[in-house]
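Thank you all for making the time this morning. I would like to walk through one model with you, going from the overall architecture down to individual side-chain contacts.

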Amino acid sequence: MFKRLLKKIHLGIYIFWVVFFFVLFYPVLWAAAKNQQKNFSLIGRIRKQIAWLSTFLSGFYFRIKISENMDWSRPYIICSNHTSILDISALAILCKQDILFMGKAELLENPITRMFFKTIDIPVDRNSKISSYRAFKAAQQKLAEGKSIIIFPEGKIDDTYPPVLQPFKNGPFRLAIENHVAVLPIVIHNLWKLLWDEGATGSRPGRCLIEVLKPIETQDFGVDDTDTLRDHTHALFKAHLNSDI
């Protein structure tokens with residue numbers, strides 16, 4: 001009981017810092033949102049600062065392992081496994097370029113994530129083919145501008161506990177192939193042990209390993225190879241998640 005109480009208190013501390021820094025930066029975000037195209041990088045940098053400050057002060061730390069020297073000057077379709085709301089902060093902190101998230105439209109209902117999904121991110125209503133088509137086209141435009149897009153190919157955080165890697169959706173891989181953009185796999189290890197899903201069981205401080213794998217080039221893939229690329233990427237994730245760290 002006492003341990004559960006401590007985890008709830010720690011979650012409250014984390015939420016406090018997220019809200020505190022969002023409110024602190026809100027005037028700048030509000031002004032930047034008036035010209036979101038021009039201020040895209042600024043809005044992204046503010047998100048990174050909110051993520052870094054709130055996680056650091058809550059005792060969440062990330063050890064990042066990069067497979068090779070990364071070229072952050074080129075756009076990627078960044079794919080990551082998804083087990084925690086902290087995944088978003090971890091990826092925002094890690095990426096050293098202009099990024100945006102493509103995620104579920106329900107994130108527009110949260111006052112904090114709404115600010116970013118109304119400015120730089122791309123919301124998708126998974127029950128609407130029109131919404132999915134518009135999101136796909138918006139993503140193509142952002143890739144053409146040299147921005148990277150983060151997509152969780154599992155589609156959502158699954159209810160299974162402990163988490164198990166779920167099948168990947170085709171969307172991110174078709175987007176990468178059609179736009180001749182490399183897929184960048186980022187494997188997040190055991191972050192769910194610190195804060196699972198949205199934190200119904202509370203949270204605790206600790207360290208998480210994040211692996212940035214070698215980009216998967218797509219120039220030799222056609223649209224008919226989408227399943228092959230998807231399955232290859234899924235196998236990479238499964239192998240790394242099951243390896244000793």
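**Side-chain contacts and overall fold**

Let me begin with a group of charged residues, because K142, E145 and K147 are linked in a network of salt bridges, where a side-chain nitrogen of Lys or Arg lies within 4 Å of a carboxyl oxygen of Asp or Glu. Please keep in mind throughout that what you see is a predicted model. K147 has a further contact to show us, since its charged end sits over the ring of F40, 4.7 Å from the centre of that ring.

Let me now step back to the chain as a whole. It has 7 helices and 7 strands, and if you read along the sequence, these elements follow the pattern α-α-β-β-α-β-α-β-α-β-α-β-β-α. The radius of gyration is 18 Å, close to the 18 Å that the globule rule gives for 245 residues, so the chain is as compact as a globular protein of that length. Along its principal axes, the C-alpha trace spans about 55 × 45 × 40 Å. Of the 245 residues in the chain, 46% are buried.

One element that illustrates burial is helix α3, which runs over residues 86–94 and is mostly covered, with 8 of its 9 residues buried. The buried residues of α3 are L86, D87, S89, A90, L91, A92, I93 and L94.

The surface offers a contrasting topic, and here I would point you to a nonpolar patch formed by F2, L5, L6, I9 and I13, which together have about 480 Å² of accessible area. I13, one of the residues in that patch, lies in helix α1, which covers residues 2–32. With a relative accessible area of 36%, I13 is partly exposed.

Coming back to the charged side chains, the count of salt bridges in the model comes to 8. Which residue meets R47 in a salt bridge? The partner is D121, and the N to O distance is 2.6 Å. R47 lies in helix α2, residues 40–57, whereas D121 lies in the loop between α4 (111–117) and β4 (122–124), so this pair ties together parts that are 74 residues apart in sequence. Both partners, R47 and D121, are buried.

Helix α2 also contains G44, which is partly exposed at a relative accessible area of 23%. The C-alpha atoms of G44 and F116 are separated by 8.5 Å, although the two residues are 72 residues apart along the chain.

A more local arrangement is found around R230, whose side chain meets that of D227 in a salt bridge at 3.4 Å, N to O. These two residues are 3 residues apart in helix α7, residues 226–241, and are therefore separated by about one helical turn. R230 also meets D231 in a salt bridge, here at 2.9 Å, N to O. How do the three residues compare in accessibility, buried or partly exposed? R230 counts as buried, because its relative accessibility of 19% falls under the 20% cut-off, while D227, at 37%, counts as partly exposed, and D231, at 42%, likewise counts as partly exposed.

Finally, let me turn to the aromatic side chains, where the count comes to 14 aromatic pairs. Among them is the pair of W52 and F56, which is stacked, with 5.1 Å centre to centre and 5 degrees between the planes. W52 and F56 are 4 residues apart in helix α2, and so they are separated by about one helical turn. W52 counts as partly exposed at 40% relative accessibility, and F56 counts as partly exposed at 39%. Elsewhere in the sequence, F16, W17, F20 and F21 form one aromatic cluster.

To draw the threads of helix α2 together before we open the discussion, this helix holds R47, which is joined by a salt bridge to D121, and it holds the stacked pair of W52 and F56, as well as G44.

Technical notes
Residues numbered from 1 in each chain as written. Predicted model: local features only at pLDDT ≥ 70, side-chain atom pairs only at ≥ 80, totals over all residues. Heavy atoms only, no water. Patch = residues over 30% accessible without salt bridge, like charges linked within 9 Å, V, L, I, M, F, W, Y side chains within 5 Å. Areas by Shrake-Rupley, 256 points an atom, 1.4 Å probe, with all protein chains shown as cover. Buried < 20%, exposed > 50% of the residue type's maximum accessible area, 1.4 Å probe, protein only. Phe/Tyr/Trp six-rings, centres within 6.5 Å; stacked < 30°, edge-to-face > 60°. Lys NZ or Arg CZ within 6 Å of the ring centre and 35° of its normal. Rg over C-alpha atoms; globule rule 2.2 N^0.38 Å.
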